[in-house]
Amino acid sequence: MAFEYNDIRTGQEIFYYLLKRHELREESEPRLYRAYFESEDVQHLVKSQGEVADCMVERYGNVIYLIPNQGNYFLGFSKSELKDRLCKSNALDRDYYLSQFVILVIMTEFYDGQGNSSKTRDYLRVGDLMNSVSERLKEGAERLSEEEQDEEGIAFSDMREAYEALKLDESGKKQKTTKEGFIHHILLFLEKQGLIEYVVSDEMILTTKKFDNFMDWNILNDKNYDRISKVLGVRKDGQD
């Protein structure tokens, strides 16, 4: 299949822009956005470069995203990198899985996959998130046997033990060795990725359009989300 030189050049320019910023917004770069939106050849060239780089290139609304595939540690994060960023020093695997569980709880608190938009609330209090994490860990550990937890791939008992081992933050320093600090650093990480707005002074969490789009068009179409929701005890109507 032959491509025009200008299309190849534009496709390379768009992909380089995505490599630097991971997203291309219509209002920020209208020329590049229109070139991608209006030309199937340019789209094909950009998506092909994404495949070579082990990524997906997807347009949600008026934003084009570069999304690293699972296991892409060059453009994404490895398990060890996330453990360092999110968990206390010398963290165990159970601490890492607990951090991922917290993110899953955030997803299920904000989204349920119903209607034109899956979003069910505008904000979430940090205290409510902490209570939800504690309750879901307790429910999961009590509802599923050790064997069932192994089958589902979610070690509720181990994660609950890791969560309860975290101290209460009496000093207000939000260290990763405390429950409040552990949650705090996860929220800072998600904010840095452009997925949430974390209002520290009000202890409030809001999602961004990027997170909303990604959930509506990607995660909620994946069978893994249904499986995790089922394990977490979330019914399809979004009620516990």
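Val199 sits in strand 5, which spans residues 196-199. The model is predicted. Val199 has a relative accessible area of 27% and is therefore partly exposed. One pairing places this residue in space. The C-alpha atoms of Val199 and Leu188 are 10.0 Å apart. Along the chain, 11 residues separate Val199 from Leu188.

Now go to the other end of the numbering. Arg21 belongs to helix 1, residues 5-21. Its relative accessible area is 44%, so Arg21 is partly exposed. In sequence, Arg21 and Tyr65 are 44 residues apart. In space, their C-alpha atoms are separated by 9.1 Å.

Next come the charged pairs. Side chains of opposite charge can pair when their charged atoms come close. How many salt bridges does the structure hold? The count is 10. Three of them are followed here, beginning with Lys79 and Asp93.

In the salt bridge of Lys79 with Asp93, the closest N and O atoms are 3.3 Å apart. Lys79 lies in helix 4, residues 79-86, and Asp93 lies in helix 5, residues 93-110, so this pair ties together parts that are 14 residues apart in sequence. Lys79 has 29% relative accessibility and counts as partly exposed. Asp93 has 37% and is partly exposed as well.

Elsewhere, salt bridges with shared partners join Glu23, Arg25 and Glu27 into one network. Take the two contacts in turn. Arg25 meets Glu23 side chain to side chain, with an N to O distance of 2.8 Å. Arg25 also forms a salt bridge with Glu27, and there the closest N and O atoms are 3.9 Å apart. A salt bridge needs a nitrogen to oxygen distance within 4 Å.

Are Glu23 and Glu27 buried or exposed? Glu23 counts as buried, at 18% relative accessibility. Buried means under 20%, so Glu23 falls on that side of the cut-off. Glu27, at 54%, counts as exposed. Exposed means over 50%, so Glu27 meets that cut-off. Arg25 is partly exposed, with a relative accessible area of 24%. The network thus holds a buried residue, a partly exposed one and an exposed one.

Charge also gathers without pairing. Which residues form the negative surface patch? They are Glu146, Glu147, Glu148, Asp150, Glu151 and Asp158. Helix 7, residues 146-152, supplies the largest share of the patch, with 5 residues. Asp150 is a residue of helix 7. Its relative accessible area is 61%, so Asp150 is exposed. Residues in a salt bridge are left out of such patches, so the members of this one have no salt bridge.

The last stop is helix 8, residues 156-165. Which residues of helix 8 are buried? They are Phe156, Met159, Ala162 and Tyr163. Why do these buried residues line one face of the helix? Viewed down the axis of helix 8, they fall within an arc of 130°, so they share one face. Asp158, by contrast, is part of the negative surface patch.

Note on methods. Residues are numbered from 1 along each chain as its sequence is written. This is a predicted model: local features need pLDDT of at least 70, side-chain atom pairs count only at pLDDT 80 or more; totals for chains, interfaces and linings use all residues. Side-chain values use heavy atoms; hydrogens and water are left out. Buried means under 20% relative accessible area, exposed over 50%, partly exposed in between (1.4 Å probe, protein chains only). Helices (H or I, at least four residues) and strands (E, at least two) are DSSP runs, numbered from the N terminus. The arc is that of the directions from the helix axis to the C-beta atoms. Patches are made of residues with over 30% relative accessible area and no salt bridge: like charges are joined within 9 Å, nonpolar side chains (Val, Leu, Ile, Met, Phe, Trp, Tyr) within 5 Å. Accessible areas come from the Shrake-Rupley method with a 1.4 Å probe; for residues, only the protein chains shown count as cover. Lys and Arg count as positive and Asp and Glu as negative; His and the chain ends are not counted. The place of a charge is taken as NZ of Lys, CZ of Arg, CG of Asp or CD of Glu.
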